[in-house]
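Work through the exercises below with the structure open. Try each task before reading its solution.

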Amino acid sequence: METGRMELRPAGEDRWELFLRETGEECGHCGMQKIQWNKKTMWQISWELTPEHLHQGYAAEAVRAVTDYAFSQPGVEEVCTLVSDTDQPGIAAALRSGMSLKGRTEAPEGEGLLLVFSREKGKKK
């Protein structure tokens, strides 16, 4: 898969390594997995960037690409991401990728609150 500035190379089932197209430098990874939330099955998108590539829009770009890929798969109607309520860059990436806030849930092992962002198939980015 490719985005405007990155190439997403397969790194296992539903996982990709992120590389800058211009330099070939690795800048992170992303993936998706099925989860249950509010009695509903969704595909959760996750990502992690190398520190030197944070705050440059790469996360939102990768999330959009993986979301589009997810929607090309049979039966996928909604994707989501779980972001700590204190992770401002993660919240911004979810919103810039076209997702909207759907709810809140407790993080495992009392680690605080997670915000649930999602996008439904056919909704504008």
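Two strands count as paired if DSSP finds at least two bridges between them. The model is predicted.

**Exercise 1. Pair S5 with its partner.**
Task: In which sense do strand S5 and strand S7 pair, and over how many bridges?

Solution.
Step 1. Locate strand S5 at residues 78-84 and strand S7 at residues 113-120.
Step 2. Find a facing pair: Val79 stands opposite Arg119 in S7.
Step 3. Read the sense and the count. S5 and S7 pair in the antiparallel sense, over seven bridges.

**Exercise 2. Follow the hairpins.**
Task: Which hairpins do S1 and S2, S2 and S3, and S3 and S4 form, and what is the positive phi in each turn?

Solution.
Step 1. Take S1 and S2. They run antiparallel, joined by five bridges. Glu7 has Phe19 in S2 as its bridge partner. Four residues lie between the two strands of this hairpin, and Gly12 in the turn has a positive phi of about 120°.
Step 2. Move on to S2 and S3. Their pairing is antiparallel, with five bridges. Phe19 stands opposite Glu26 in S3. Five residues separate the strands of this hairpin, and Gly24 in the turn has a positive phi of about 80°.
Step 3. Finish with S3 and S4. Ten bridges link them in the antiparallel sense. Ile35 faces Met42 in S4. Two residues lie between the strands of the hairpin, and Asn38 in the turn has a positive phi of about 55°.
Step 4. Return to Phe19. Arg9 lies over the face of Phe19, at 3.8 Å from the ring centre.

**Exercise 3. Assemble the sheet.**
Task: What is the strand order of the open sheet, and which are its edge strands?

Solution.
Step 1. Write the order of the seven strands: S1-S2-S3-S4-S5-S7-S6, with mixed pairing.
Step 2. Look for strands that pair on one side only. These are strand S1 (6-10) and strand S6 (100-106), the edge strands.
Step 3. Add the twist: from one strand to the next, it averages 30°.
Step 4. Place the helix. H1 lies across S1, S2, S3, S4, S5 and S7, and runs at about 145° to S4.

**Exercise 4. Classify the aromatic pair.**
Task: How many aromatic pairs does a search of the whole structure find, and what geometry does the pairing of Trp16 and Tyr69 have?

Solution.
Step 1. Count: the search finds one aromatic pair.
Step 2. Apply the cut-off: planes over 60 degrees apart count as edge-to-face. The planes of Trp16 and Tyr69 stand at 75°, with ring centres 5.2 Å apart, so the pair is edge-to-face.
Step 3. Trace the elements. Trp16 lies in strand S2 (residues 15-20) and Tyr69 in helix H1 (residues 58-71), so the pair ties together parts 53 residues apart in sequence.
Step 4. Check accessibility. Trp16 counts as buried, at 8% relative accessibility. Tyr69 counts as partly exposed, at 25%.

**Exercise 5. Map the nonpolar cores.**
Task: Which element gives the largest share of the largest nonpolar core, and which residues does Val66 contact?

Solution.
Step 1. Start with the core's 28 residues. Met6, Leu8, Leu18, Cys30, Val66, Val79 and Phe117 touch the most other members.
Step 2. List the elements giving two or more residues: S1, S2, S3, S4, H1, S5, helix H2 (88-96) and S7.
Step 3. Pick out the largest share: H1, with eight residues.
Step 4. Examine Val66. Leaving aside neighbours within four places in sequence, Val66 is in contact with Leu8, Trp16, Cys30, Gly31, Met32 and Ile45.
Step 5. Separate the other core. Five residues lie apart from the largest core, among them Ile35, Met42, Cys80 and Val116.

Key:
Residues numbered from 1 in each chain as written. Predicted model: local features only at pLDDT ≥ 70, side-chain atom pairs only at ≥ 80, totals over all residues. Heavy atoms only, no water. Phe/Tyr/Trp six-rings, centres within 6.5 Å; stacked < 30°, edge-to-face > 60°. Buried < 20%, exposed > 50% of the residue type's maximum accessible area, 1.4 Å probe, protein only. Lys NZ or Arg CZ within 6 Å of the ring centre and 35° of its normal. Axes fitted to C-alpha atoms, helices over the stretch in contact; angles between N-to-C directions. Contact = heavy atoms within 4.5 Å. Core = buried A, V, L, I, M, F, W, Y, C linked by side-chain atoms within 4.5 Å.
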